[in-house]
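Student: Pick one part of this model and walk me through it closely, please. Then carry on to whatever else is worth a look.

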Amino acid sequence: MKKLAIIIIFLSLISIRSSASTFHAIIFANTDDSHIGKSVYIDLKRMEVEMTAISKSIGYSIKKYFYYGDASKFNRGNLDSVIDNLSCGADDIIFFYYSGHGGRAENENTQFPEMCLTVNEPLTRSSQLCPLHNVYSRLRNKNPRLTIVMGDLCNSIIQGYKRNDNRASKGATILSKGACDVYRNLFVNVKGGLLAASSQPGYTSGCYQIHEDGQTYEAGGYMTHSFLTTLQYCVSKSREVSWDGLMKGTITLTQELTSAAPTPQTPIYKSEITIATPPSMTNNTNTPPQQPSSSNDDATNQRDKLAYSLSMVCCRDVPKLDRIHNIDDAKKHFAGSHTRVQVIGADNRTIVNTCGIDSYLNYLSMATNMTQVMVLETKENESGKITYLKVHELHYQ
C-alpha cells in the first residue's frame with residue numbers, strides 16, 4: 001500500500017539571477033519492491049518526463065539525483081548524503097520526489113508521513129524511516145527560490161512505532177508559449193508555501209491500475225497520477241491555473257478515482273502562496289541543447305548523454321547542416337540498423353511510433369519544431385551497443 005503526500009514551499013526572491021539557474025531533480029523510488037515496484041517505476045518515469053518539461057519551459061538547466069533499484073542506491077544514507085551535500089543558488093529550484101512504502105508514528109505531530117527506505121525487507125529500525133517534513137525543512141534551509149517535496153506513500157500508523165523527534169498524455173510533450181506561461185506562473189511568479197497530503201492522517205492508498213482493451217496497466221500512485229493529469233491538462237490547454245486551482249483539481253480527481261474503494265482518498269492541503277515579482281530572466285528556452293549535468297546515477301548519466309546526442313540531431317535551434325552532420329555521432333551509440341526505437345507518450349505506456357534507428361535519426365534531422373529527446377530506457381548487447389531504445393519527445397508549438 002502506498003500513500004502520497006506533498007510538501008511545497010516557495011521561497012522569496014533574494015537576488016537577481018545573472019547566470020543560468022538550476023532545477024535540482026531529486027527522486028527516491030522503490031522500484032525493486034516485489035509488491036509495488038512496477039507501479040513505482042511508472043511514477044519514476046512520469047516524474048522524470050514532467051521535471052524535464054518544467055525545467056525546459058522555464059529556461060532552467062536540470063541536474064538529476066536519482067536513487068532507485070536495489071538497496072545500494074535506495075537507502076537512508078544516500079538520502080541524507082544528497083541533502084547534506086546539495087548546494088544551490090538563490091534562484092534555483094529543488095523538486096524532491098519519493099515513491100515507495102511509508103507510514104506514520106503513533107506520536108506523529110504533523111499530518112505528513114515518513115518514508116520507508118528499505119527494499120523487500122521488514123522495517124526493523126527507526127533509522128530506516130525519514131519524515132517527509134524533515135526533508136522539507138532541510139531543503140528549505142538551502143535557501144532556493146522554490147522547493148517542492150512530494151511523496152507517494154502510506155500515511156497509516158505503524159503500530160508500536162513512536163518517533164524520537166530529537167533524532168536527526170499520451171503523446172509528446174508540447175511546449176507552446178501558453179504551456180511555458182503556465183509553468184512560469186506556477187514555478188517562477190510566486191512565493192510563499194503550500195503544504196499538502198493525499199489523505200487525512202490514518203489512511204492509506206493503493207496503486208492505480210487502468211483497464212483498457214482487455215489489458216491492465218500500472219498507472220502509478222493515485223495522487224501522483226491525479227497531480228500529473230491535472231497539471232498536464234492545464235499545460236496542454238494553456239489554461240492559467242493557480243496552485244489552489246491545481247490542488248483542488250488534484251483532490252477532485254483523486255476522490256473520483258477512489259470513489260469505489262472501501263475508503264476513498266480525500267487529500268488535504270494548506271496554501272500560503274502569493275504572487276511575486278519574477279526574477280530578471282537571462283535563460284532562454286530557445287537554445288541548443290546543453291551538455292547534461294553529471295548525476296549520481298550511472299544509468300541516468302548514460303541516458304542523458306545519449307539524449308544529448310539525439311537532441312543535437314533534432315533540436316530546431318541547431319543549424320540544419322549541423323543537425324545532419326550530428327547523425328554520425330549519434331549512430332556510434334547503436335548496434336546497427338536493426339536497433340528498434342519506440343516513441344512513448346507522457347503516460348509512459350502509449351506507443352506513439354515504432355521504427356528502426358536509421359529511420360528515426362532521419363526523422364529527427366528533418367523535424368521542424370522539436371527541442372529535445374528524453375531517453376527513458378535502453379537495452380545493450382555484449383559490446384555495450386544499444387539494440388533497443390525507448391524515448392519521449394519534447395516539441396515546440
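Tutor: Let's start with Thr300, which is buried at a relative accessible area of 0% (buried is under 20%, exposed over 50%, partly exposed in between, with a 1.4 Å probe and protein chains only). Thr300 sits in helix H7, residues 298-314 (helices are DSSP H or I runs of at least four residues, strands E runs of at least two, numbered from the N terminus). Its side chain makes a polar contact of 2.7 Å with the side chain of Asp297 (N or O atoms within 3.5 Å, one able to donate a hydrogen and the other to accept it; sequence-adjacent residues count only through side-chain atoms on both sides). Skip the neighbours within four places in sequence, and Thr300 is in contact with Lys64, Phe66, Tyr68 and Ser295 (heavy atoms within 4.5 Å).

This is a predicted model, so local features need pLDDT of at least 70 and side-chain atom pairs 80 or more, while totals for chains, interfaces and linings use all residues. Numbering runs from 1 along each chain as its sequence is written, and side-chain values use heavy atoms, leaving out hydrogens and water.

Stepping back for a second, the chain holds nine helices and 18 strands, and 54% of its 397 residues are buried.

Another tucked-away residue is His24, in strand S2 (residues 22-29). His24 counts as buried because its relative accessibility is 3%. Its side chain reaches the side chain of Asp92 in a polar contact of 3.0 Å. Beyond four places in sequence, the residues that His24 touches include Lys63, Tyr65, Leu86, Cys88 and Phe95, along with Asp92 itself.

Tyr60 is next, in the loop between helix H1 (37-57) and strand S3 (61-68). Loop or not, Tyr60 is buried, at 5% relative accessibility. A polar atom of its side chain lies 2.7 Å from the backbone oxygen of Asp91. Tyr60 and Thr22 are 38 residues apart in sequence, yet 5.4 Å apart in space, C-alpha to C-alpha.

Now back to H7, by way of helix H9 (residues 357-366). The buried residues of H9 are Ile357, Tyr360, Leu361, Leu364 and Ser365. Looking down the axis, they fall within an arc of 135 degrees, so they line one face of the helix (the arc takes the directions from the helix axis to the C-beta atoms). Their cover includes H7, helix H8 (320-331) and the strands S15, S16, S17 (370-380) and S18 (386-396).

Two of those covering strands, S15 (residues 340-344) and S16 (residues 351-356), run antiparallel and are joined by five bridges (DSSP must find at least two for strands to pair). In that pairing Ile344 stands opposite Ile351. S15 and S16 form a hairpin with six residues between them, and Asn348 in the turn has a positive phi of about 65 degrees.

One more piece of strand architecture: three strands make an open antiparallel sheet in the order S5-S6-S7. S5 (102-103) and S7 (129-131) are at the edges with a single partner strand each, so one side of each has no neighbour in the sheet. S5 meets S6 (residues 114-116) over two bridges, antiparallel, with Gly103 opposite Glu114.
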